[in-house]
Amino acid sequence: MIKSLHAENFRCFKELDLSDLRRVNVVVGMNATGKTALLEALRLALGGTPNTLWAMNNARGFFAPVPQPIITREIFESIWSPYFFNFDVFNAILTDCCDSENHHATTRVFFDVQRPVTAVPQHLLQQPQSVLPSSFIPPLAFERSSFSGVKSTLYASVQSQGGLNFDSGPELGSVTEILPSLAWILNPAQVFSQVSQRQREEAIIDAVRDEFDQSLESLVVLAPSGIAGLYAGLRYLREKLPVGYLSAGISRFIAMLSAVLIFGKGVVLIDEIEDGISYRIFPALWKYLLKFAMENDTQIFASTHSLECVRALLPAMEGHEHEFALLRAERANGASSITLVPGKFLESAIDQGVEVR
């Protein structure tokens, strides 16, 4: 498990220091205070690859087209500058996470002006542009050190024809992509198929049957139209139907529990955990998340805007207070900060009006 996280110059965090992280970490705060950015900092710290950053905008539901070909340094930097605090690409992004065995994984992200840069072909430079093209484009470097001490550097760069190139390499830790609040991005079939492959699907089926529909007999990944989807078998129906037809909330419930099973000894990141889930299901959601996390040694970071959702974790937390922490995000003078409240003080913090939304 990750016990501490340090980050600099990432998103809305000029500097971030968190220690004493727990198995289940609930991130709260008003809009635009850095809840999702904290999940992204963890994702970068455990990923450390160009593709890690590239995928983050997808999790936020932002799919801005990238001009092709990329023929100026300004265009290339504009792709990455939102990840740098205050868009300052001259100060490197730093992450350092420490696990329960006191091993560190670090990543430094910066534009490497010392490395031989990409020269844009002359015929591209001759194309009319509103901004004078630059013939040299420094690559974005990901300078990494893994938990086992292995050092490497990966690059996001521009090819000679103006296309993007991302170096590939192993991630630094076992971690999910951020499970988004946008249900249409989430693919429960993909994560459930991995659970089924490991013959763990009965645990998910039992949880869904207990909390949603006693008539549920099976969950299975099918592709009757050529596209794989998660289907449910119910006693009173002649045919299986897509789980999404029953409820988007059930799809998300399944995806979250499946991720915890799949990423044993790893980290699961969930954005706006309450989205699409009825408040009556919140206690069961926390109960199963903690149960599966403890059984599989999985660590969870989940953001929420819902005070009801936070209150609902109190029954699951009883007797397991040491497994929980509340992470309160705040923003002042353009920079965000995170305050950790240990589980044993969580109920008091709620009673005193901790800012959730």
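**Entry 1: terms and overall counts**

I take helices as DSSP runs of H or I with at least four residues and strands as runs of E with at least two, both numbered from the N terminus. The model I am reading is predicted. On that count I find 11 helices and 17 strands in the chain. The chain has 357 residues, and 52% of them count as buried. I also looked up the range of the contacts: of those with a separation of 6 or more, 69% join residues 24 or more positions apart.

**Entry 2: helix 5**

I started with helix 5, which covers residues 188–197. Which of its residues are buried? I list Pro188, Ala189, Val191, Phe192 and Val195. Viewed down the axis of helix 5, these buried residues stay within an arc of 165°, so they line one face of the helix.

What does that face pack against? I find two helices as partners, helix 6 (201–211) and helix 8 (248–262), and two strands, strand 11 (216–222) and strand 12 (229–234). Just after helix 5 I noted Gln199, whose phi is positive, at about 60°.

**Entry 3: the nonpolar cores**

The largest nonpolar core holds 58 residues. Which of its members touch the most others? I wrote down Ile204, Leu219, Phe253, Ile254, Ile273 and Trp286. Helix 8 is the biggest contributor to this core, giving 10 residues. In soluble globular proteins, nonpolar side chains tend to be buried together.

I then looked up one of these residues, Leu219, and left aside its neighbours within four places in sequence. Its contacts are Phe192, Ile204, Ile205, Val208, Leu230, Tyr231, Ala232, Val243 and Ile254. Phe192 is also on my list of buried residues of helix 5. Ile204 and Ile254 are also among the core members that touch the most others.

Apart from the largest core I find another one, of 49 residues, which includes Leu16, Leu46, Tyr83 and Ile93.

**Entry 4: helix 9 and its two partners**

I next looked at how helix 8 meets helix 9 (residues 282–296): their axes come within 8 Å and cross at roughly 15°. The cut-off for roughly parallel is an angle under 35 degrees, so helix 8 is roughly parallel to helix 9. The crossing is right-handed. From helix 8 the contact uses Phe253, Met256, Leu257, Val260 and Leu261, and from helix 9 it uses Leu285, Tyr288, Leu289, Phe292, Ala293 and Asn296.

Helix 6 also meets helix 9; here the axes come within 11 Å and the angle is roughly 160°. That makes helix 6 roughly antiparallel to helix 9. I record this crossing, too, as right-handed. On the helix 6 side I list Ala203, Ile204, Asp206, Ala207, Asp210 and Glu211; on the helix 9 side, Ala284, Lys287, Tyr288 and Phe292. Tyr288 and Phe292 also appear in the contact with helix 8.

**Entry 5: positive phi values**

Most residues other than glycine have a negative phi. I therefore checked two more non-glycine residues with a positive value, Asn9 and Asp297. Phi of Asn9 is near 60°. Asn9 belongs to strand 1 (residues 2–10) and is buried, at 9% relative accessible area.

For Asp297 I read a phi of about 55°. Where does Asp297 sit? I find Asp297 in the loop between helix 9 and strand 15 (299–303). With 27% relative accessibility, Asp297 counts as partly exposed.

**Entry 6: Thr107**

Thr107 is in strand 5 (residues 104–111). Is Thr107 buried or exposed? I have Thr107 down as buried, since its relative accessibility is 3% and the limit is under 20%. Beyond four places in sequence, Thr107 is in contact with Leu44, Ala45, Gly48, Ile93, Leu94, Thr95, Glu143, Arg144 and Leu172. Of these contacts, Ile93 is a member of the core of 49 residues.

**Entry 7: two pairs distant in sequence**

Glu74 is in helix 3 (residues 73–80) and is partly exposed, at 43% relative accessible area. I looked up its separation from Ile137: 63 residues in sequence, and 8.5 Å from C-alpha to C-alpha.

Ser160 lies in the loop between strand 9 (151–158) and strand 10 (164–166). Ser160 is partly exposed too, with a relative accessible area of 37%. Ser160 and Pro69 are 91 residues apart along the chain, and I have 9.6 Å between their C-alpha atoms.

Conventions: Residues numbered from 1 in each chain as written. Predicted model: local features only at pLDDT ≥ 70, side-chain atom pairs only at ≥ 80, totals over all residues. Heavy atoms only, no water. Buried < 20%, exposed > 50% of the residue type's maximum accessible area, 1.4 Å probe, protein only. Arc of directions from axis to C-beta. Contact = heavy atoms within 4.5 Å. Core = buried A, V, L, I, M, F, W, Y, C linked by side-chain atoms within 4.5 Å. Axes fitted to C-alpha atoms, helices over the stretch in contact; angles between N-to-C directions. Parallel < 35°, antiparallel > 145°, perpendicular 65-115°, else oblique. Left-handed = near helix turned anticlockwise from the far one by under 90°.
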